[in-house]
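Visitor: I have a model open on my screen and would like a friendly tour of it. Could you take my questions one at a time?

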Amino acid sequence: MQNKGLIKVFAILFGLVSLYQLSFTYISNNVEEDAKTFATTKYAASEPDKRNSAQASYLDSIGNIPVVSVGPIEIDYNTAKGKELNKGLDLKGGINVILQVSVKDILKGLANNTKDAAFNQALKDAFVLQKESQDTYLESFFQAFDALPGENLLASPDIFFNKNLEDDINAAMTNGDVYPVIERKIDESITAAFEVLRKRIDKFGVTQPNIQRIGKSARILVELPGAKDVERVKKLLQSTAQLEFWGVYKIDELQGFIVAADAKLAELNKVNEPEAEETTTDASEEDNIVDDLIGGEDVNDSIADASKERPLLSKMLYPGQTGRPELGTFMLKDTAVINDYLKTPQIKSLLSDNQRYAKFVWGIASENKELGEEVVTLYAIKSNRDQMPPLAGGVVVDAVQTYDQLGRVVVSMQMNARGARVWEKMTGEAYNNQSQIAIVLDDIVYSAPGVTSGPIAGGRSQISGDFNITEGQDLANVLRAGKLPASAEIIQGEVVGPTLGQEAIDSGIFSFVLALIFVLVWMIFYYGKAGAFADVALVVNIIFIFGILAGLGAVLTLPGIAGIILTIGMSVDANVLIFERIKEELAKGKAQKDAINDGFSNALSSILDANITTGLTGFILLMFGTGPIQGFATTLLIGIATSLFTAIFITRLFIDGYTKNGKPLPCTTSLTKNILTNNTIEFLRKRKVSYVISGILILVSLGSLVTVGLNQGVDFVGGRTYTVRFDRDVNATQVEADLIEVFGSAEAKTYGGSNQLKITTKYKVDEAGTAIDEEIEKMMFDGLKSNLPEGFTYGQYIGDTENKVAGRMESYKVSPTIADDIKKASFWVVLGSLVVVFLYILLRFRRWQFSLGAVAAVFHDVLIVLGVFSLTYRFMPFNMEIGQSFIAAILTVIGYSLNDTVVVFDRIREFFNDHPSWKMNKVIDQALNSTLSRTLNTSLTTLIVLFSIFIFGAESIRGLIFALIVGVLVGTYSSLFIATPVFFDSVKKKGIDLSNKKEEASDV
């Protein structure tokens, strides 16, 4: 081998750089352990919030103090933290969401909330089109608008030819001219939303956040590893920060309306009552009618009568006080009923002409300790026909959390010059009229203060409310960052608690070490000293992989660890190929030096082909996968590259160094030297038997896929999935029955131990928003309450504390829209990978028959893996849902199957040129026999590694690993009994020329 000195220098330097990169992870972990110890000794386990706060304070206090000093080099915690190996959500806990910015809202804003019938009809039609289309919402809107009858112009003064767009759009423009302008405006708005979210996240204090726009779509990916207060994060991300200042009605002005509305509602109830009585006289039926009238609550007769006679006032806990803007206080659970009452046309008609645009909004909910219920106050703001506030939050240039004279948390705001002028006018009018100004954020009244000292000049104001310091800081944060140009909903989200993350790390490390030990021992057992050299190269390979991950700032995920462990098994393949070729050369009687040179040289082609085919599937995963799947692909690709370098160069350095003085290196041991040598198996004669066996397996698989189908996960069908842990073993069937009563449909399966369940529901799957998520979480908690520890609160259930023994450990949500996108993208990814592989083999071997054999084997393997999942998912004791992880497994199976097949094909081509007189069947049989030791050796080591992860690894990747185990078994079989026989049958009649000469191949 030439340039040995250069390779040594490069390997040593690269190893040192890798260790240097990993040292930051070691340093930051040590400091964080010290912080955790400090917090643990200061606060009890029953005070998790204080522990977290103490830990954060400790890290802040020593952040810039050097913790490592080596000569002039000093490293502090903040520096180490910024350069450590990033851990994903499944290892660290946190939240990962995809936000969908509402293009519909942006369009309405650009059109000044027009009432134009054609425009609004197109918005509705676009929503319908989106259910069956892969187009963007904007493209569907344009399509829907063009399809409307009549001559409809987007450049109409009633739509986009308005003051906002007069510099970009004129009345002479056609719809085709308007399209690119609107596309640009939409893109600018989504970019603005991205920047607003980025500013909010930057202020949130999470280390290593990741926020990126997904292509040119209206979707934004946000990953916050280590975020502990998940509910706070959700609210922060989805809050539009629509700050508005409104005049507000006093109770004195609307008291008459409230009394009249109450009487009208009672009258409407009486009109409906006789119809109900005619249909039934059963007492229970009458009770149901009463329940319907008062909102479905279980009540006694006197309350029921009051609810019929005073439907509105009976729900009012406390009336408003004279001169104040509060109309009354109600229970939070009654707000939906009150909203329905106030939206009724007969009730709205009771408002006077100057009140007809009044808008009823709620204040901040607070807990009433006497009632043990959350209560909320009702307000009526002085809206207008266009629902445009006199002053909006866009004028706010700064906001900060502070305290008022009574020590309460408030948010102080500073407005720009224009806002200051309007604010001074509004406060002047409020002072003169002795009225109040409602400060409304996202349709919630935070406060409605009066003005007691005349007009307020300078544009400074305060928002007060019953919120704590954290809530005040978040409010100031979103006001500083600015409002979102449109609403943003979480269409896909994953929440992982820190306890589950730590358990994943522990199980990942254990399975990793176990797999590594086995591979190291096996290589020495099978190849002796040569195996020991390969082991050193393998350890160097692992250091390189982790060093590159840390240096690139890549994120290590649980599937990523699986990818590294799989790389260990696959990296052995390169060394196995080399050692087997050296053994063959030695068996031919060559001198050891020549045998080593020829062994490395002859194995190189197969090594490159095998790794390139696997790398192509990994690259497709990296390009089209998301989150953890990208982590899997990243480690796989890095592992392939480093494995090639360490196997070809590092192992060679050790072998050349050991043998330079003539020391023998037989690449075998006394126990293994005769294993799988001089094989004479006639594979092709058995091909018809293998065709029958494979045909039966494929038919059974297809039959099951057609009749039973697959257990599609929420990735493909949408829904919400929760991992819930209990303090004792629970009956999954009984829990499922309890939850069906709550949700109507639900599925509960044991997940890991008998005290942990994976629960899936499609309840309100089409609805999104923080309120919906919270509603479902509370319903879930109520349905599980009987199985949770006694006295267990909802806060404890959803809390994300370390060493959590019970409650929600993880949640995952996918909307049907994005689920459909994922399913279609997965199909094209798998199909695309097959096409790419077919083309590569065609390019590499220059014969379509090779491609046909390889693709036939891959289809065979994929169908059988799918069939196994279809046949067994109902009774297997682990999760076998078909989702993105399964697609990653399928692509890996494709890569592995091709790895084996390409090695055999490469040997067929070699034998064809070395033995031109041989018949084709002999060429193929000899090629299969000569590679059998390598095939079985590689498969065995890979399977042992996979079984290590399957048995001892995390529950969340068990289904993925099972798919890989089945894939390796089937892939090994197909490379021997499907790929080459199909190739042979495609050439046996006409023959094939695999040499540089035109020689006719012989027939059987």
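Visitor: How do the residues of the lining of the largest cavity divide into nonpolar, polar and charged?

Guide: Happy to start there, and please keep in mind that this is a predicted model. The cavity in question has a volume of about 110 Å³, and 14 residues line it. By residue class, the lining divides into six nonpolar, two polar and six charged.

Visitor: Which residues of that lining are the closest to the centre of the largest cavity?

Guide: The search of the whole structure finds eleven cavities of 30 Å³ or more, and we stay with the largest, at about 110 Å³. Of its 14 lining residues, the closest to the centre are Lys234, Gly493, Asp773, Ser811 and Lys813.

Visitor: Which element gives the most to the lining of the largest cavity?

Guide: Several elements share the job: β4 (94-101), β19 (488-496), β21 (719-725), α25 (770-784) and β24 (807-814) each supply at least two residues. The one that gives the most, with four residues, is β19.

Visitor: Asp773 is among the residues you named. With which residue does Asp773 form a salt bridge?

Guide: Side chains of opposite charge can pair when their charged atoms come close. For Asp773 and its partner, the closest N and O atoms are 3.0 Å apart, and both residues are buried. Asp773 lies in helix α25 and the partner in strand β21, so the pair ties together parts that are 53 residues apart in sequence. That partner is Arg720.

Visitor: How many salt bridges does the structure hold?

Guide: One more example first: Asp906 and Arg909 meet in a salt bridge, at 3.0 Å from N to O. They both lie in helix α29 (residues 884-914), three residues apart, about one turn of the helix. For the structure, the number of salt bridges is 34.

Visitor: Are Asp906 and Arg909 buried or exposed?

Guide: The cut-off to apply is that buried means under 20% relative accessible area. Asp906 has 5%, so it falls under that limit. Arg909 has 13%, so this residue also counts as buried.

Visitor: Which residues are joined with Lys185 into one network by salt bridges that share partners?

Guide: Lys185 forms a salt bridge with Glu188, with the closest N and O atoms 4.0 Å apart. Both lie in helix α8 (residues 175-202), about one turn of the helix from each other. Lys185 counts as buried at 17% relative accessibility, whereas Glu188 is partly exposed at 39%. Through shared partners, the residues joined with Lys185 into one network are Asp168, Arg184 and Glu188.

Visitor: What is the area of the nonpolar surface patch that includes Leu19?

Guide: Leu19 lies in helix α1 (residues 4-42) and is partly exposed, with a relative accessible area of 45%. A patch residue needs over 30%, so Leu19, at 45%, passes that limit. Together with Val9, Ile12, Leu13 and Leu16, Leu19 makes a nonpolar patch of about 470 Å².

Visitor: What distance separates the C-alpha atoms of Asp34 and Tyr58?

Guide: Asp34 is also found in helix α1 and counts as partly exposed, at 45% relative accessibility. Along the chain, Asp34 and Tyr58 are 24 residues apart. Their C-alpha atoms are separated by 9.0 Å.

Visitor: To finish, what percentage of the residues of the protein chain count as buried?

Guide: The protein chain has 31 helices and 24 strands, and its C-alpha atoms fill a box of roughly 110 × 75 × 65 Å along the principal axes. Of its 1004 residues, the share that counts as buried is 52%.

Technical notes: Residues are numbered from 1 along each chain as its sequence is written. This is a predicted model: local features need pLDDT of at least 70, side-chain atom pairs count only at pLDDT 80 or more; totals for chains, interfaces and linings use all residues. Side-chain values use heavy atoms; hydrogens and water are left out. On a 1 Å grid over the protein atoms alone, a cavity is a set of points where a 1.4 Å probe fits but cannot get out, and a pocket is an open set with protein on both sides within 12 Å along at least five of seven lines; lining residues have an atom within 4 Å of a point. Grid points are joined across faces, edges and corners, and a volume is the space filled by probe spheres set on the points. Ala, Val, Leu, Ile, Met, Phe, Trp, Tyr, Cys and Pro count as nonpolar, Asp, Glu, Lys and Arg as charged, and the others, Gly among them, as polar. Patches are made of residues with over 30% relative accessible area and no salt bridge: like charges are joined within 9 Å, nonpolar side chains (Val, Leu, Ile, Met, Phe, Trp, Tyr) within 5 Å. Accessible areas come from the Shrake-Rupley method with a 1.4 Å probe; for residues, only the protein chains shown count as cover. A salt bridge is a side-chain nitrogen of Lys or Arg within 4 Å of a carboxyl oxygen of Asp or Glu. Buried means under 20% relative accessible area, exposed over 50%, partly exposed in between (1.4 Å probe, protein chains only).
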